[in-house]
Amino acid sequence: MSFEKKIYVTQPDLPPLDDFLPYLEKIWDSRILTNAGPFHGELEEAMCKYLGVKHLALFSNGTLALITALQALRVTGEVITTPYSFVATAHSLLWNGIKPVFVDIDPRTFNLDPGQIEAAITPQTTAIMPVHCYGQPCDVDAIQNIADIYNLKVIYDAAHAFGVKDKGGSIVRHGDLSVLSFHATKVFNTFEGGAIVCPDAKTKHRIDQLKNFGYVDEVTVAAPGINGKMSEFNAALGLLQLQRVDLALARRREIGALYVDLLNAVPGIRCVLPRDEQSLNYSYFPILVEEQYPLSRDALYEWLREQGVWVRRYFYPLISDFPMYRGLASARRDNLPVAAAIAIKVLCLPIYPNLEDDLVRDIVTLIASPA
Ligand code: T4K
């Protein structure tokens, strides 16, 4: 069995085009295209309500939001972070002249291992930047505990964690700041986009200035800010997407549960995410290809591609293996044994709301009987 049409790891969820046209007409009529326009304001308000947070600043993408979050908190020196993420996490540190210090991950959650953070703290450490990888929540209490003891800021890269909850509500309320991505490949997308969840109005005000070149008013520039503003087009789309996101999340959970049920019967394949966890968003569906599986991870990756299934190896290589990071002492393989072991086993399978059950079954059938 092979597929004629490529099946990608994700396919962006979109509202019907007709529903978007009235929004476009409003933009065309008003000629307000960007710079904190009416849809931008409406989306900030609607998203705060949806996420159950008080303040949030929209951005043109998650990477600029990460860079700005670090600026807003005046983070300098060294920041403890994970090697097991998309490269934007660490790049945001380099763009601020900050040295990333990589700490290994927890083998159960694939997130920064709080038990190893303290040993990496030096007098230069000013913050921790953990990632809720695949939307699995970090151990937020343990991380906050360490941050409180050593007086460190915590900035969560929550790019994968839209709609993820813990007992107290949305996971993005944790830390000093949390950063979301609304890229096309994400659970909630505005084509490109992102946001910083802020604890108070004062911090949001500073972030709003920083994302608009540092302008305070027409004649005052308070900081070397950047252009991180979300346009009216993206904000309008976000308003429509917000109406659909609960359905999209529910469908992702169904697909996740089906994968877990079917893959449990495949020797050598281990599911990373639990089945039917209502608090998760199944933004990705990672599996581990273990030694007892008949093919190596890379052979399975190639073979599935030949059949038309464009799986991805998120997150291989580790960030710490890229040229701009591998010279750091913390990037050494013996410092990151868990992340290194997982990066060579992981494969992310297709998951998106309009992926049909039959296709999921076909994909698992392929994995269960590789050529
Ligand atoms: N922090 C973390 C932890 C992140 O994962 C990311 C981004 C960021 C920060 C930064 O946020 P942003 O600045 O991006 O807002 C993708 C995304 O570009 C990136 O947003 C994402 N993480 C990362 C994990 O994945 P690629 O290079 O793997 O994407 P690409 O173009 O290969 O797309 C994957 C598949 O999705 C394609 O095979 C086809 C499908 N696709 C993709 C696009 C863009 C579509 O069907 N339609 C599309 O428009 O990086």
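A residue counts as near a molecule or strand if one of its heavy atoms lies within 4 Å of it. Keep that in mind for the exercises below.

What you have above is a predicted model, where local features need pLDDT of at least 70, side-chain atom pairs count only at pLDDT 80 or more, and totals for chains, interfaces and linings use all residues. Residues are numbered from 1 along each chain as its sequence is written, and side-chain values use heavy atoms, with hydrogens and water left out.

**Exercise 1. Find the residues that come nearest to the ligand, and say where the ligand sits.**

Step 1: Start with the neighbours. There are 25 residues around the ligand, and Thr63, Asp157, Ser181, Arg312 and Tyr314 come nearest.

Step 2: Look at the elements. Helices (H or I, at least four residues) and strands (E, at least two) are DSSP runs, numbered from the N terminus. Helix α3 gives the most to the shell around the ligand, with three residues.

Step 3: Now the place itself. The ligand sits in the largest pocket. A pocket here is an open set of points on a 1 Å grid over the protein atoms alone, where a 1.4 Å probe fits, with protein on both sides within 12 Å along at least five of seven lines. To sit in a pocket, a molecule needs more than half of its atoms within 2 Å of the pocket's grid points.

**Exercise 2. List polar contacts of the ligand, then say how much of its area the protein covers.**

Step 1: A polar contact is a pair of N or O atoms within 3.5 Å. On the backbone side, a polar atom of Gly62 is 2.8 Å from an oxygen atom of the ligand.

Step 2: Try the side chains. Ser181 has a polar side-chain atom 2.7 Å from an oxygen atom of the ligand. For Lys186, a polar side-chain atom lies 2.8 Å from a nitrogen atom of the ligand.

Step 3: On its own the ligand has 920 Å² of accessible area, and the protein covers 75% of that. Such areas come from the Shrake-Rupley method with a 1.4 Å probe.

**Exercise 3. Trace the salt bridges of Lys204.**

Step 1: A salt bridge is a side-chain nitrogen of Lys or Arg within 4 Å of a carboxyl oxygen of Asp or Glu. The whole structure has 18 salt bridges.

Step 2: One of them joins Glu44 and Lys204, at 2.8 Å from N to O. This pair links distant parts of the chain, with Glu44 in helix α2 (residues 38–51) and Lys204 in helix α6 (residues 201–210), 160 residues apart.

Step 3: Lys204 also meets Asp208 in a salt bridge of 2.8 Å, N to O. Asp208 and Lys204 are about one helical turn apart because they are four residues apart in helix α6.

Step 4: Check accessibility. Buried means under 20% relative accessible area, exposed over 50%, and partly exposed in between (1.4 Å probe, protein chains only). Glu44 has 10%, so Glu44 is buried. Lys204 counts as buried at 15%, while Asp208 counts as partly exposed at 24%.

**Exercise 4. Describe the salt bridge of Arg333.**

Step 1: The partner is Asp321, and the two side chains meet at 2.3 Å, N to O.

Step 2: Both residues lie in the loop between β15 (309–310) and α9 (337–343), twelve residues apart.

Step 3: Arg333 counts as partly exposed at 47% relative accessibility. Asp321 is partly exposed as well, with 22%.

Methods: Polar contact = N/O pair within 3.5 Å; in protein donor to acceptor, adjacent residues only side chain to side chain. 1 Å grid on protein atoms, 1.4 Å probe; cavity = no way out; pocket = protein on both sides within 12 Å on 5 of 7 lines; lining within 4 Å.
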